[in-house]
Amino acid sequence: MNRRDFLKYAAVGAAAITIDGCIPQSMRQQPTHHSHRLSTLTLNISEALVEMVDGTAVYMWLFENPAKGPRFPGPTISAQERDTVTLSVTNTLDEDHSFIIPGVVDSGPLTPGESKMLTFTAPAAGTYLYFDSLNAPVNRNLGLHGAMVILPHDLSTNPYTDPTPAVRDLFNDLGNSAHFPGEPWIPERSTVWLFSSVDPKFNQMAMVGNAIDPEKFINGYLPRYFTINGESGAFASHNHKTVPSGRIGQPHLIRIVNADVNVHSPHIHGNHVYVTAINGQSREDAHMVDTYSVFPMDRVDWLLPFMRPPDIPGDPNVPLRELIRNEMGMVLGGVPQAPLAYPMHGHDELSQTAAGGNYPQGMVTHWEITGDLDGVDFPSGH
Ligand SMILES: [Cu+2]
C-alpha cells in the first residue's frame, strides 16, 4: 500500500489555521543586548490533504513543524536580527526537495529521507520568503513555502534595521504628530499576508507520483483557488491572524509575501497605506497607495495607519460611536453593529473567485476598526 494512502489532513478551512508555530525560544524572552542567541527549529518536508474553500481536498507538499502538524503555508519563522538560527530540515517525501531563503541559507537538494542541519545568522530586519527552489516553480507552488519575519535587534518602534530617512521619519511620527495621533507602531501589530494559488490537476499528479515538467506547468497552469495564509474568502476574513484589528491610532504593519506564480495587486479600502519596504529594502519615498503590484516572490511591507477613515463625514472631534450610531454605537437584536470593517481584495479579478466562479471566495479579507482614539472599544465585544 502506498504511504500516500495515509495522508493527514492539514489544519485549514473550517479548522482555523495558525501561522505561528516556529517561534524561537528567544522571542519569548525580554529583549536583551546579547548579540547572539541560539534557537533550534525543526521542519519536515511533508504532505497532507488540504481542504479548499469549497470543501475539495487537495494534496499538497508542505513544510511541517512536527509539534503542530502540516500547515499550508508552512509555519512563520520569527527571529531577531543577529540571532543564530539552527534549522533541522528533513525530507520525508519520495523525491528531492530543498529549503532556501535567498541570500540567507540554501540546503541544496535533500534526497528522500535525508536530514540536514542548517545554521544561519538572522539577516537584517524585514520580511522574507522561504521555499523549495527545486523544479521551480512547481515545488514552491505545490505548497512548499512560508514566511520568515525578522525583527530589529532592539525591538524598537521601527521594524527595520537601518531604515531610509523617509521610513524612519514616518515611524517616528506615529503617535507623535497631529497627523498620526494615537500610538507608535509596536511589533505585535504585524500581520503576514502570504499569497498563493492552487491548480489541483498538478497536485493530483504529485499525489500519484508523476513528475511535473516545469515548462508544462507554466503553460498549463490554471489556478482554481487563491489563498491568503492558506485560506480563501470567508475563512481568510474570519481568521484573526489575517485580519488587522485595532482602534484608530494603532498602526499595523502588513507583511505581504507573494509565493504565487501570479502577480497580485492587493487593494485596500478605508485607509491608504504606506509602502515601507520592498524585498527587505526600506523605501526612499514612503508614498501612500491603495493598491500595489506584488510580483511573484516579492515581499512588500505596508504600513496601515489606522487613521480615522476620510470617507466618514462629520465633526472629527465627535467620537465615531456618537457620529455614526447605526454602525458604531448600536446593538440591534443582540447583534453589535461594530466593528467597522473595510475589505481588501485583489484588483486582478480572477483572484476574487474560487473554483472558477464564486465571488468573493478567492483572495479577499478585510481590516477592522474596533474603537476610537479615546481608547474605548465600540460595543462589539470581541
Ligand atoms: Cu477595491
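Me: What does the secondary structure of the protein chain come to?
Reply: Seven helices and 23 strands. Keep in mind that this is a predicted model.

Me: OK. How much of the chain counts as buried?
Reply: 46% of the 382 residues.

Me: And what share of the contacts comes from residues 24 or more positions apart?
Reply: They make up 70%, counting contacts in the chain with a separation of 6 or more.

Me: Let's talk sheets. In what order do the strands of the four-stranded open sheet run?
Reply: The order is 13-23-22-15, and the pairing is mixed.

Me: Which ones are the edge strands there?
Reply: Strand 13 (245–247) and strand 15 (266–268), each of which pairs on one side only.

Me: How far are neighbouring strands turned against each other?
Reply: By 25° on average, with direction ignored.

Me: Back to strand 13. How many bridges join it to strand 23, and do they run parallel or antiparallel?
Reply: Three bridges, and the two strands run parallel. Strand 23 covers residues 364–371.

Me: What stands opposite Ser-245?
Reply: That's Glu-368, in strand 23.

Me: What holds paired strands together in general?
Reply: Backbone hydrogen bonds, in either a parallel or an antiparallel arrangement.

Me: Switching to backbone oddities. Is the peptide bond from Ala-136 to Pro-137 cis or trans?
Reply: It's cis, with omega near 0°. Pro-137 sits in the loop between strand 9 (126–131) and helix 1 (138–141).

Me: What about the bond from Ala-338 to Pro-339, cis or trans?
Reply: Cis too, with omega near 0°. You'll find Pro-339 in the loop that links strand 21 (335–336) and strand 22 (340–346). Strand 22 is part of that open sheet we talked about.

Me: Why bother pointing these out?
Reply: Because most peptide bonds are trans, and most residues other than glycine have a negative phi.

Me: Which phi does Arg-82 have, positive or negative?
Reply: Positive, at about 80°, although Arg-82 is not a glycine. Its place is in the loop between strand 4 (77–80) and strand 5 (84–91).

Me: Why does Arg-82 count as partly exposed?
Reply: Because Arg-82 has 18 C-beta neighbours inside 10 Å, while a residue needs 20 or more to be buried and 12 or fewer to be exposed.

Me: And Met-297, what's its phi?
Reply: Near 75°, so a positive value in a residue other than glycine. Met-297 is in the loop between strand 18 (288–289) and strand 19 (299–304).

Me: Where does Met-297 fall on burial?
Reply: Met-297 counts as partly exposed, because it has 18 C-beta neighbours inside 10 Å.

How values were computed: Residues numbered from 1 in each chain as written. Predicted model: local features only at pLDDT ≥ 70, side-chain atom pairs only at ≥ 80, totals over all residues. Pairing = 2+ DSSP bridges. Axes fitted to C-alpha atoms, helices over the stretch in contact; angles between N-to-C directions. Contact = placed C-beta atoms within 7 Å.
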